Amino acid sequence: SGGAFCTRRCCVADVAERLALGGSDDTLANGMKPDLEAAKRLAKRLYNLEGFRKSDVARQLSKNNEFSQMVAEEYLTNFDFTGLTIDQALRMFLRQFALMGETQERERVLAHFSRRYRQCNSESLTSEDSVHTLTCAIMLLNTDLHGNVSEPEPSADWSLRLIGTPNLVD
């Protein structure tokens with residue numbers, strides 16, 4: 001049932017944070033703020049899948065709290081997207097883990113990707129928002145093409161969504 005899944009997901013997240021903090025429940029329980037070193041340790045373990053499955057990575061990267069954002073930023077330093085097209089970089093990124101979760105959770109992970117892509121390609125004229133828009137568009141097209149969609153959106157209708165997007169190259 002959905003409740004069991006949520007409980008499992010929360011349990012996995014708690015275990016990930018305890019591992020990053022050196023296994024101390026007290027540190028989390030007393031409200032101490034996790035530090036950058038803890039985030040680096042967890043990011044390294046997630047990247048190397050040390051004690052984690054590919055499905056656990058997106059769950060951690062998609063959380064919307066300060067510690068998880070530090071973990072995501074550190075995790076993304078393992079990727080050098082310099083000189084790659086957005087689709088090449090996205091393929092490299094998504095080979096490392098299974099992008100699962102609700103739309104908002106997946107979007108957070110893709111926002112981290114977009115930020116890192118822009119950092120690696122700072123000389124590009126595209127903004128981080130443009131990278132993010134194109135990344136989401138690629139993911140939508142992929143879902144339409146390969147997902148369990150009863151009827152894909154006609155390309156003319158789909159492309160209308162992108163018209164007027166700021167900083168998007170025609």
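Student: What makes the lining of the second largest pocket four nonpolar, one polar and two charged residues by class?

Tutor: This is a predicted model, so take the lining list from it and sort by residue type. Leu90, Leu94, Ile138 and Met139 are on that list and count as nonpolar. Asp87 and Arg91 go in the charged group, and Asn142 is left as the polar one. That gives four nonpolar, one polar and two charged.

Student: What is the volume of the second largest pocket, and which elements give two or more residues to its lining?

Tutor: The volume is about 160 Å³. Helix H6 (86-94) and H8 are the elements that pass that two-residue mark.

Student: How do you know which helix gives the most to that lining?

Tutor: Check the numbering against the helix limits. Asp87, Leu90, Arg91 and Leu94 are in the lining, and H6 covers 86-94. So H6 gives the most, with four residues.

Student: What about the largest pocket: how much space lies in it, and what lines it?

Tutor: It holds about 280 Å³. The lining is made of Leu99, Thr103, Arg106, Glu107, Leu110, Cys136, Met139, Leu140, Asn142 and Thr143.

Student: Why is the largest share of that lining credited to H8?

Tutor: H8 runs over 128-146, and Cys136, Met139, Leu140, Asn142 and Thr143 from the lining fall in that stretch. Those are the five residues that make up the largest share. Helix H7 (103-120) also supplies at least two. By class, the whole lining comes to five nonpolar, three polar and two charged residues.

Student: On to helix packing. Why are H5 and H7 called oblique to each other?

Tutor: Their axes come within 10 Å and cross at roughly 45°. Under 35 degrees would count as roughly parallel, and 65 to 115 as roughly perpendicular. The H5 and H7 angle is in neither range, so the pair is oblique. H5 passes H7 in a right-handed crossing. Gln69, Ala72 and Leu76 of H5 make the contact with His112, Phe113 and Arg116 of H7.

Student: What makes that contact three nonpolar, two polar and one charged?

Tutor: Ala72, Leu76 and Phe113 count as nonpolar, and Arg116 as charged. Gln69 and His112 are polar, because anything outside the nonpolar and charged groups goes there. Hence the split of three, two and one.

Student: Why are H3 and H5 oblique as well?

Tutor: Helix H3 (residues 36-47) packs on H5 at an angle of about 55°, with the axes 8 Å apart. The roughly perpendicular range starts at 65 degrees and the roughly parallel one ends at 35, so H3 and H5 are oblique. Their crossing is right-handed. Among the contact residues are Leu36, Lys40 and Tyr47 of H3, and Phe67, Glu74 and Tyr75 of H5. By class, that contact has eleven nonpolar, no polar and two charged residues.

Student: And why are H4 and H5 called oblique to each other?

Tutor: The axes of helix H4 (residues 54-61) and H5 cross at roughly 125° and come within 8 Å. Roughly perpendicular stops at 115 degrees and roughly antiparallel needs over 145, so this pair is oblique.

Student: How do you know the H4 contact with H5 has no charged residues?

Tutor: Go through the names: Val57, Gln60 and Leu61 in H4 meet Phe67, Ser68, Val71, Ala72 and Tyr75 in H5. Asp, Glu, Lys and Arg are what count as charged, and the contact divides into six nonpolar, two polar and no charged residues.

Note on methods. Residues are numbered from 1 along each chain as its sequence is written. This is a predicted model: local features need pLDDT of at least 70, side-chain atom pairs count only at pLDDT 80 or more; totals for chains, interfaces and linings use all residues. Side-chain values use heavy atoms; hydrogens and water are left out. On a 1 Å grid over the protein atoms alone, a cavity is a set of points where a 1.4 Å probe fits but cannot get out, and a pocket is an open set with protein on both sides within 12 Å along at least five of seven lines; lining residues have an atom within 4 Å of a point. Grid points are joined across faces, edges and corners, and a volume is the space filled by probe spheres set on the points. Axes are lines fitted to C-alpha atoms, for helices over the stretch in contact, and angles run from 0 to 180 degrees between N-to-C directions. A crossing is left-handed if the near helix is turned anticlockwise from the far one by less than a right angle, and right-handed if clockwise. Contact means heavy atoms within 4.5 Å.
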